[in-house]
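Me: Let us go through how the helices of this model pack. Please show the sequence and structure.

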Amino acid sequence: MNDLALLLTPEGRALLDEVRDTAPADELAVATRLRRDHPAELVSAALGQARLRQRAAAKFTAADAGRMFFTPNGVEQSTRATVAGYRAERFKSLGVTSVADLCCGIGGDAIALARAGIRVLAVDRDPLTAAVARANAEALGLDELIEVREADVTEVDTGGYDAVFVDPARRGGRSGGAARRGSPQAFGAGGASMRGGGRATGGRIFDPEAYSPPLSWAIEAARRAPHAALKVAPGIPHEAVPADAEAEWVSDGGDVKEAVLWFGTGAGAVRATLLPGPRTLLGKRLPDPAVRPVGRYLYEPDGAVIRAHLVAEVAEEVGGGLVDATIAYVTADELRPTRYASAYEITDQLPFNVKKLKALLREREVGTLTVKKRGSAVEPEELRRKVKPQGPNAATVFLTRVAGAPTMLVGRPA
């Protein structure tokens, strides 16, 4: 808390501007020079914060990250701005004008909601995390729309809000437990802040009832609001999704970022949303596609589509079937446009055999080799080392199973 207070002073803000672009290799020399004129504690806090801002630029844009304040955990666990922006616009399209953001962390989602014109109550029980969220709202000129409250989310009355958003902690604590409310948290150079019900560093939690607060509590809080969204791990089992919720899986740039349980939008609906876009594929409850021989084209569905169990919807779009009953690759004889999968033209199908693949790549003069795998234990880098690609051409090899047999499919983007 003291480090944040120092950085919010005029001297601290000026020092942050001065060290903004400091490279890690230059930190020692810069720190030595600055300590001649500034307190060592302030210099250390400023350099640590500059490092966090540089890391955060990938999530928040350089312009925003350069004005915001971060904790190490805040950078790692905050929602990417593109994803938060999409969710905020979806809330707005539902007619929502106010949201209780429970487990707000450093305020990433609150910022996106406020920029969509939505009034936000942002709640976190950790003193430092709440202070950082408040500083970020002020730094971005959004403090008139964002009220930050330090409190236990389970004790907050959300009755006066159109919607509730909950992002529970999904990581285990160090040394066997989560930090307690009011425990000291490092700011800038190390440490971790806790979100809402207690977010800590450590391994991810896969049991939804081990979330903090538990998913069951969040679901009941959601059911009391006209609209709600609960952020959960992308690997949540489909059977854990409540019958009265809509389940949405979101990817950004091809990487699956999160799953969200929506309430008040359509019970039982399933969707995959791909960013940028957004491009949204709605589930039709189709049966699993039939397995068929590999055709001229192979379609690799986006990860959000796979997590949402909507591969059948992609297969229907392209008129294809599966290469294997357990593998999410779709094959077809014709190239058809789809926004939910990447298409490849397959030139060769081989039983798994490294020597044969090496000979084929040498014959084709392939020097740039992309290796993808699904249903194979072979690591792409290991295969690349063994085949030693050389030449001016490029190819993609898929390590997978075809009708149960280990197979290599060679091709190129269609």
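Reply: Buried means under 20% relative accessible area, with exposed over 50% and partly exposed in between (1.4 Å probe, protein chains only). Helices are DSSP runs (H or I, at least four residues), numbered from the N terminus. This is a predicted model: local features need pLDDT of at least 70, side-chain atom pairs count only at pLDDT 80 or more, and totals for chains, interfaces and linings use all residues. Residues are numbered from 1 along each chain as its sequence is written, and side-chain values use heavy atoms, leaving out hydrogens and water.

Me: Which residues of helix 2 are buried?

Reply: Helix 2 spans residues 10-18. What covers its buried residues includes helix 1 (2-7), helix 3 and helix 4. The buried residues are G12, L15 and L16.

Me: Why do the buried residues lie on the same side of helix 2?

Reply: An α-helix has 3.6 residues a turn, so residues three or four places apart point the same way. The arc is taken from the directions from the helix axis to the C-beta atoms. The buried residues of helix 2 share one side because they cover an arc of only 105°.

Me: Which residues of helix 4 meet helix 3?

Reply: Contact means heavy atoms within 4.5 Å. Helix 3 (residues 27-34) and helix 4 (residues 40-65) have axes that come within 10 Å. From helix 3 come E27, V30, A31 and L34; their partners in helix 4 are V43, L47 and R51.

Me: At what angle do helix 6 and helix 7 pack?

Reply: Axes are lines fitted to C-alpha atoms over the stretch in contact, and angles run from 0 to 180 degrees between N-to-C directions. Helix 6 covers residues 81-93 and helix 7 residues 108-115, with axes 8 Å apart. Their packing angle is about 45°.

Notes. Helix = DSSP H or I, 4+ residues; strand = E, 2+ residues; numbered from the N terminus.
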